[in-house]
Amino acid sequence: MRYSALSIVTNALSGNRNWKPVWREPEPKAEYDVVIVGGGGHGLSTAYYLAKEFGITNVAVVEKGWLGSGNIGRNTTIVRSNYGLPGNTPFYEFSLKLWEGLEQDFNYNAMMSQRGVLNLFHSDGQRDAFARRGNAMRLEGVDAELVDQAAVRKMYPFLDFDNARFPIQGGLLQRRGGTARHDAVAWGYARGADSRGVDLIQNCEVTGFVIEGGVFKGVETTRGTIKAKKVGVAVAGSTTRVMHKTGLRLPIESHVLQAFVTEGLKPFLDGVVSFGVGHFYISQSDKGGLVFGGDLDGYNSYAQRGNLPMIEHVCEAGMSLMPAIGRARILRNWGGVMDMTMDGSPIIDKTPIDGFFLNCGWCYGGFKATPASGFCFAHLIAREEPHPVAVAYRLDRFEKGYLLDEERTGAQPNLH
Ligand SMILES: Cc1cc2nc3c(=O)[nH]c(=O)nc-3n(C[C@H](O)[C@H](O)[C@H](O)COP(=O)(O)OP(=O)(O)OC[C@H]3O[C@@H](n4cnc5c(N)ncnc54)[C@H](O)[C@@H]3O)c2cc1C
């Protein structure tokens, strides 16, 4: 079923009784060409592009809960491509270009809104670092503007420009950055994959792998063993737990990240503002709620919930950036589990096991990567060679020392 203005009108006239379910609920088959483990954004987009771009449709996505129950439905929805390292910029720009045509591509309203992302700077040193990043972006053809304090004042007059500790001097602006509705992205990819023949199997946890003589043969699940020629694991915060079943240890730690939403307010914040030194970033959803977050909780965990000290820290940071936020009431907060790598960059690569592919290490920035990650992972699985924009995301870079440390914080995962 194709969604269009005409289909809305005709379905309204027939009492909305003829809409089809957005995807089927199939029983798992005994065997597939490819099994994708994890029905989050990256798993679903991989299945979608495997079918759409590479013609591989005998595919199952196996999800332990419901589609979108992980980080894809828990993030703060920011998309951008303001990365400065040569290994990162082309990948994230490829992703942003896919975002720009995504809703037409999968015929689903993901509420993509290019409202601009502004990263504030508060010192001369930080301005130089952002100028360098902006220049690196422009050299790759990506939009970036270094704006001064007067320009930021014009955009967001309610920020605390004269904060004693972090006076705002300006910011790096990417106008093409913005937000998209996170769970609609999962649903759009799910629908697109399902309509091309991919089986989306919910409530089916992968409990082990069948590996014979170093060759992948199938997955063991709570609904039986499923044979497959290839497997792609895309389980984000559960990566180390799932990969432990293969005996492969990874340079990843799992950490909790929390997010917050206030009551609905009249529109006043029409872009995304990021206050990196204070560990705070904020946007306003189309429903009016302020959506914001901050730093990781700072300890290793697989629990999808955070703790009170970080709530206090994030609220303090919010108050020092925009004191008016103290008048808003927080309605909800939640946590998600981040797969933090030692250099803050992801992994899209083969593993030493034949037919076994890995997609992980998205840290707290994997939502924006969802389209390119799925496209590049599908390319790797189908062709067994990396997509040109994802060649830097090799697993052996940790062994060989070619780290991709965008934030230049060193090999400490909870600092990226
Ligand atoms: C609070 C918060 C804010 C964030 N904000 C942003 C942001 O603004 N911008 C941005 O770019 N990124 C952001 N992120 C990061 C982003 O959400 C993640 O990097 C990205 O969603 C991870 O990829 P995914 O969607 O595939 O993960 P998930 O949705 O977590 O998918 C993994 C899936 O694997 C499933 N799974 C796990 N184990 C098994 C198993 N054994 N068998 C079967 N299935 C299994 C899980 O149930 C889950 O559904 C944020 C994250 C959080 C938590």
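Which residues have the most contacts inside the largest nonpolar core? They are Phe91, Trp99 and Ile348. The legends below start from that core in this predicted model.

**View 1. The largest nonpolar core.** This core has 53 residues. Elements giving two or more residues to the core are strand 1 (31–37), helix 2, strand 2 (59–62), helix 3 (89–106), helix 6 (182–195) and helix 9 (370–383). A second, separate core has 28 residues. Val206, Val231, Val233 and Leu248 are included in that second core.

**View 2. The surroundings of Trp99.** Neighbours within four places in sequence are left aside here. Trp99 then contacts Val79, Met112, Ala180 and Val185. Further contacts of Trp99 are Phe367, Lys368, Thr370 and Pro371. One of these, Lys368, is also among the residues that come nearest to the ligand.

**View 3. Polar atoms at the ligand.** Glu63 places a polar side-chain atom 2.7 Å from an oxygen atom of the ligand. Lys368 uses its backbone instead: an N or O atom lies 2.8 Å from a ligand oxygen. For Thr77, a backbone N or O atom is 3.5 Å from an oxygen atom of the ligand. The ligand taken alone exposes 990 Å². The protein buries 96% of that area.

**View 4. The shell around the ligand.** There are 38 residues around the ligand. Glu63, Asn71, Ile72, Thr76 and Lys368 come nearest. By class, the shell holds 18 nonpolar, 15 polar and five charged residues. Helix 2 (41–54), strand 12 (252–264) and strand 16 (330–341) each give two or more residues to the shell. Strand 12 provides the largest share, three residues.

**View 5. Lys64 in its loop.** Lys64 sits between strand 2 and strand 3 (78–79), in the connecting loop. Is Lys64 buried or partly exposed? Lys64 is partly exposed, because its relative accessible area is 46%, between the limits of 20% and 50%. Not counting neighbours within four places in sequence, Lys64 contacts Asn203, Cys204, Glu205, Ser238 and Arg241. Val37 is 27 residues away along the chain from Lys64, and their C-alpha atoms are separated by 8.7 Å.

**View 6. Gln174 in strand 6.** Strand 6 covers residues 170–174 and contains Gln174. Gln174 counts as buried because its relative accessible area is 1%, under the 20% limit. A polar atom of the Gln174 side chain lies 2.8 Å from the backbone nitrogen of Ser81. Ser81 is also on the list of residues that Gln174 touches, leaving out those up to four places away in sequence. That list further includes Arg80, Asn82, Glu93, Leu96 and Gly116. Val117, Met137, Val142 and Asp143 are on the list too.

**View 7. Positive phi at Asn107 and Ala236.** Most residues other than glycine have a negative phi. Asn107 has a positive phi, near 55 degrees. Asn107 lies in the loop between helix 3 and strand 4 (117–121). Its relative accessibility is 11%, so Asn107 counts as buried. Ala236 also has a positive phi, near 45 degrees. The loop that holds Ala236 runs between strand 11 (224–233) and helix 7 (239–243). At 25% relative accessibility, Ala236 counts as partly exposed.

Methods: Residues numbered from 1 in each chain as written. Predicted model: local features only at pLDDT ≥ 70, side-chain atom pairs only at ≥ 80, totals over all residues. Heavy atoms only, no water. Near = heavy atom within 4 Å. Polar contact = N/O pair within 3.5 Å; in protein donor to acceptor, adjacent residues only side chain to side chain. Areas by Shrake-Rupley, 256 points an atom, 1.4 Å probe, with all protein chains shown as cover. Helix = DSSP H or I, 4+ residues; strand = E, 2+ residues; numbered from the N terminus. Nonpolar A, V, L, I, M, F, W, Y, C, P; charged D, E, K, R; others polar. Core = buried A, V, L, I, M, F, W, Y, C linked by side-chain atoms within 4.5 Å. Buried < 20%, exposed > 50% of the residue type's maximum accessible area, 1.4 Å probe, protein only. Contact = heavy atoms within 4.5 Å.
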